[in-house]
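Visitor: I would like to learn how to read a protein model feature by feature. Could you walk me through this one?

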Amino acid sequence: MADRQHFPSAITEAVSSNTACPDTGPKAETTNIFLLLQKNITIESSKYVFSSIVEYILILTLMFAFSAIFYVIYKSYISPVFYKKELTEVGFDHIPQGPDRGRRISRAQASRRMGSKLPPPYPNGWFAVAETRELKVGSVLSIDALGQNLCVYRGEDGLARCVDAYCPHLGANLAVGGTVRGSCIECPFHKWRFNAAGTCVSLPGSDIAPKGVSIRTWCVVETDGAVWIWHDAEGREPLWEITDPPELKEFGYRGRNEFEVSAHIQEIPENGADVPHLNAVHSSSLLSDLGERYPVLHEIIGRHVWNADWTKSDDHTSLMHITQEYKVLKYDLARIDVKVTQIGPGHVRLFLKTSVGPFYIAQSVTPLGPLLQKVIHRVYSPAYNAPVGAFLVRCEAYMFERDVTIWNSKRFVSAPAYVKTDKTIRTFRNWFGQFYSEHSLSFRDALQNPLDW
């Protein structure tokens, strides 16, 4: 308060002292007064601001700390982290900025060589088509995946269902304007209703539903925070079941990261069998890439050191064990042990053991098109390390982006120049072949799919 009281008097004294100066002319005197006023106002203002900061520094610090803590709690327990990257946001730094950058990225993708002898783009297995948290009771989602237009909805009984999008009557899209009625989906065009089995059960103006009119239904399960459908080129019932892991009952959801990737679906899980790439691509610190540009700093900044082994099972699963250590000089600051289970072509479960507790990550890979995948990682952890779990959503995303950058520009090589360290890649490709069958849509035919227009 003392500064506030003396602030006007200081200016008055400055003006008074200036009037005592020798007369050098009215214009010069006015200029001198103005400059002196400006100088004293600046000095006194600075003193006032500084004294206020000193006086209220404790309150400001507490407010900042409270805001930070509230934000961390909010993102950890109330509003899970959602980190998303569109296709053009990763791996295209080599294309300069500009108003036509989107067109140049499209041209680069169009001129990219896809490779030869690509496997079928839609293998048989379970694929995630929607987030459980986002599919509310009575809601309807329009989904384009696996070369199909789909209608995913949650009935009033709480069960998620999936049917082909188009009404067999006159072709209206059930997912665009369709309405949930009990366990049925109602067409927006003529209000025909189809039950959980896909059969037409009612229509306005008729007491009897037409016989033999139905839509295709898809087998649905919900686990790992997603709605999964079974895709099989032979029309078979699910060849394996997926159930909740015990961790989902004990852990809380901390968020997810989501990417669109321009690659064949087989290349994404193949990364797990490509053990040498871990130290080649993922050794640089998340904190800075200076170690890559200036190797002399690598040990000071820190680096990730990876060890891993991949083995196939005799069924639809494969296993991988990973250890990651973060080395600064000769010291190991953080060790992570990861058990990875690949379940079919598009489902991966990662169990992490760390010094701050366990974590669970569920990965889904869903083909949106022949060379376009949606990859999502959903993170879970116990309540006590929830803030670390929320942070892990972004850390895992930053690591995964390094792979996406490469995938978005590479081509598929059907016959690599294998070396000794690539033996697990060859084994992986033989194992993954079980998910293709006689009637799997070929890559060439998939490119003619009307969804690609």
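Guide: Gladly! Helices and strands here are DSSP runs, with at least four residues for a helix and at least two for a strand, numbered from the N terminus. This is a predicted model, and its secondary structure comes to eleven helices and 19 strands.

Visitor: What does the radius of gyration of the protein come to, set against a compact globule of 453 residues?

Guide: The protein has 31 Å, whereas a compact globule of that many residues would have a value near 22 Å. For the extents, the C-alpha trace spans about 110 × 70 × 50 Å along its principal axes.

Visitor: How many of the residues count as buried, and what share of the accessible surface belongs to carbon and sulfur atoms?

Guide: Buried means under 20% relative accessible area. By that cut-off, 43% of the 453 residues are buried. The accessible surface comes to about 24,500 Å², and carbon and sulfur atoms contribute 59% of it. As for contacts, take those between residues at least 6 apart in sequence: 59% of them join residues at least 24 apart.

Visitor: Which domain does UniProt list for residues 126-229?

Guide: An unreviewed UniProt entry gives "domain: Rieske" for that range. In the model, residues 126-229 are 0% helix and 43% strand, and the C-alpha atoms at the two ends lie 5 Å apart.

Visitor: How should I read a sheet, and in what order do the strands S2, S11 and S12 come?

Guide: The general idea is that strands of a sheet pair through backbone hydrogen bonds, in either a parallel or an antiparallel way. In this case three strands make an open sheet with the order S2-S12-S11, and their pairing is antiparallel. Strand S2 (125-131) and strand S11 (220-223) are at the edges with a single partner strand each, so one side of each has no neighbour in the sheet. From one strand to the next, the twist averages 35°.

Visitor: Over how many bridges do S2 and S12 pair?

Guide: S2 and strand S12 (residues 226-231) pair over six bridges, in the antiparallel sense. To pick out one bridge, Glu-131 has Ala-226 in S12 as its partner.

Visitor: Now a single residue: where is Ser-284 found, and is Ser-284 buried or exposed?

Guide: Look in the loop between helix H6 (277-281) and helix H7 (290-293), where Ser-284 is found. Ser-284 is buried, because its relative accessible area is 7%.

Visitor: Which residues does Ser-284 touch, not counting those up to four places away in sequence?

Guide: With those sequence neighbours set aside, Ser-284 touches Glu-292, His-298, His-304, Met-399 and Arg-402.

Methods: Residues numbered from 1 in each chain as written. Predicted model: local features only at pLDDT ≥ 70, side-chain atom pairs only at ≥ 80, totals over all residues. Heavy atoms only, no water. UniProt positions renumbered as here; feature names shortened; annotations may be inferred. Buried < 20%, exposed > 50% of the residue type's maximum accessible area, 1.4 Å probe, protein only. Contact = heavy atoms within 4.5 Å. Pairing = 2+ DSSP bridges. Axes fitted to C-alpha atoms, helices over the stretch in contact; angles between N-to-C directions. Rg over C-alpha atoms; globule rule 2.2 N^0.38 Å. Areas by Shrake-Rupley, 256 points an atom, 1.4 Å probe, with all protein chains shown as cover.
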